[in-house]
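Okay, thanks everyone, I'll keep this short. Have a look at what's on the screen, and then I'll talk you through it.

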Amino acid sequence: MKNGFMKSYKILRSQDDSGDWNMLILREYESFASLEKNEEKADEMLRQSTGIDDQKAMQGYMDRSKVRDVVGTKFMRN
């Protein structure tokens, strides 16, 4: 957000844990065009700020997939 790639970032969690999904990660961008335009810049900035290369990042995704399920991804417009 500091670099202007995203407008906002929120993690929302439901109050009930009925077995359905209970967490939503919401990333808000200025427009879909700005998301696509800045994707490589944002990835590079993340690599520089965390010091994690692509291989380590992929290993982290695989490790987290053992404890959580990604239900889906949606792009929405207002």
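I'll start with the overall fold, then go to charges, and finish with a few single residues.

One caveat before anything else: this is a predicted model.

So, the fold. What pattern does the protein follow along the sequence? Reading along, you get β-β-α-α, that is, 2 strands and 2 helices. How spread out is that, against a compact globule? The radius of gyration is 15 Å, and the globule rule for 78 residues gives 12 Å, so we're well over it and the protein is more spread out than a compact globule. If you prefer box dimensions, the C-alpha trace spans about 40 × 35 × 20 Å along its principal axes.

Now, burial and surface. Of the 78 residues, 8% count as buried, where buried means under 20% relative accessible area. The protein exposes about 7,600 Å², and carbon and sulfur atoms supply 52% of that area. On contacts: take the ones between residues at least 6 apart in sequence, and 22% of those join residues at least 24 apart.

Okay, charges. There are 14 positive and 14 negative ones, and their mean positions sit 4 Å apart. In general, side chains of opposite charge can pair when their charged atoms come close. How many salt bridges does the count come to here? It comes to 1 salt bridge, with nitrogen to carboxyl oxygen within 4 Å as the cut-off.

Which side chains meet in it? They are Glu 28 and Lys 7, at 3.7 Å, N to O. This pair links distant parts of the chain, 21 residues apart. Glu 28 is in strand 2, residues 23–28, while Lys 7 is in the segment before strand 1, which runs 8–13. And are these two buried or exposed? In between, actually: Glu 28 is partly exposed, with a relative accessible area of 32%, and Lys 7 is partly exposed too, at 43%.

Last stop, helix 2, residues 54–65, where you'll find Lys 56. Lys 56 has a relative accessible area of 53%, and the cut-off for exposed is over 50%, so Lys 56 counts as exposed. How far is the C-alpha of Lys 56 from that of Tyr 9? The two C-alpha atoms are separated by 23 Å, and along the chain these residues are 47 apart.

That's my tour, happy to take questions.

Technical notes: Residues are numbered from 1 along each chain as its sequence is written. This is a predicted model: local features need pLDDT of at least 70, side-chain atom pairs count only at pLDDT 80 or more; totals for chains, interfaces and linings use all residues. Side-chain values use heavy atoms; hydrogens and water are left out. Helices (H or I, at least four residues) and strands (E, at least two) are DSSP runs, numbered from the N terminus. The radius of gyration is taken over C-alpha atoms; the globule rule is 2.2 Å times the number of residues to the power 0.38. Buried means under 20% relative accessible area, exposed over 50%, partly exposed in between (1.4 Å probe, protein chains only). Contact means heavy atoms within 4.5 Å. Accessible areas come from the Shrake-Rupley method with a 1.4 Å probe; for residues, only the protein chains shown count as cover. Lys and Arg count as positive and Asp and Glu as negative; His and the chain ends are not counted. The place of a charge is taken as NZ of Lys, CZ of Arg, CG of Asp or CD of Glu.
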